Amino acid sequence: MSPAQSRAARALLNWSEADLAGKVGLGEGFVRDFESGGSDPASGQVEALRSALMAAGVVFTNGDSAGVRLGGRIGDEGTRLGALNTENDR
């Protein structure tokens, strides 16, 4: 997931940076830094954000041009940062 996809996904859901951060147990500053391109977070942290957005109904597209759209809601909060392991950190 790119920073731009994260920003667009939050906009589709009408979520603030704090809303997304709260879903995965990270700080609002982490989301802000990631989305501004000011940090190079671990892939597991980005996956936790992506998982929370997908659980809320966001579908990521990565064809000729990467983007996001709303699909069906799964009803799961995603993977919390503390719950990531070698099996689900992909």
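## Starting from Leu49

Leu49 touches Met1, Leu20, Val24, Leu26, Phe30, Val31 and Phe34, leaving aside residues up to four places away in sequence. That makes Leu49 a handy place to enter this model, which is a predicted one.

Let's step back for the overall layout. The protein has four helices and two strands, and along the sequence they run in the order α-α-α-α-β-β. Of its 90 residues, 34% count as buried. If you take the contacts with a separation of 6 or more, 55% of them are between residues 24 or more positions apart.

Now back to Leu49 and what surrounds it. The largest nonpolar core has 18 residues, and Leu49 is listed with Leu20 and Leu53 as having the most contacts inside it. Helix 1, helix 2, helix 3, helix 4 and strand 1 each put in at least two residues. Which helix gives the largest share of this core? That would be helix 4, with five residues. As a general point, nonpolar side chains in soluble globular proteins tend to be buried together.

Two of those core leucines, Leu20 and Leu49, also turn up where helix 2 meets helix 4. The axes of helix 2 and helix 4 come within 9 Å and cross at roughly 105°. An angle from 65 to 115 degrees counts as roughly perpendicular, so that is how helix 2 and helix 4 sit relative to each other. On the helix 2 side, the contact is made by Leu20, Lys23 and Val24; on the helix 4 side, by Ala48, Leu49, Ala52 and Leu53.

Stay with helix 2 for a moment. Its buried residues are Leu20, Ala21 and Val24. They cover an arc of only 100° around the axis, so they end up on the same side of helix 2. There's a simple rule behind this sort of pattern: an α-helix has 3.6 residues a turn, so residues three or four places apart point the same way. What do the buried residues of helix 2 pack against? Their partners are helix 1, helix 3 and helix 4.

Helix 1, residues 3-13, is worth a look in the same way. Here Gln5, Ser6, Ala9, Arg10 and Leu13 are buried. Viewed down the axis of helix 1, these buried residues fall within an arc of 135°, which means they line one face of the helix. The cover over them includes helix 2 (17-24), helix 3 (28-36) and helix 4 (43-55), along with strand 1 (58-61) and strand 2 (67-70). Just past the end of helix 1, Asn14 takes a positive phi of about 60°.

One of the elements covering helix 1 is helix 3, and the axes of helix 1 and helix 3 come within 7 Å, crossing at roughly 125°. That angle makes helix 1 oblique to helix 3. From helix 1, the contact is made by Pro3, Ser6, Arg7 and Arg10, and from helix 3 by Val31, Phe34, Glu35 and Ser36. Notice that Val31 and Phe34 are also among the residues touched by Leu49.

That leaves the strands. Strand 1 and strand 2 pair in the antiparallel sense over four bridges. A hairpin of five residues joins strand 1 to strand 2, and Thr61 stands opposite Gly67 in strand 2. The strands bring us back to helix 1, since both are listed among the elements that cover its buried residues, while strand 1 also supplies at least two residues of the 18-residue core.

Technical notes
Residues numbered from 1 in each chain as written. Predicted model: local features only at pLDDT ≥ 70, side-chain atom pairs only at ≥ 80, totals over all residues. Heavy atoms only, no water. Buried < 20%, exposed > 50% of the residue type's maximum accessible area, 1.4 Å probe, protein only. Arc of directions from axis to C-beta. Contact = heavy atoms within 4.5 Å. Pairing = 2+ DSSP bridges. Core = buried A, V, L, I, M, F, W, Y, C linked by side-chain atoms within 4.5 Å. Axes fitted to C-alpha atoms, helices over the stretch in contact; angles between N-to-C directions. Parallel < 35°, antiparallel > 145°, perpendicular 65-115°, else oblique.
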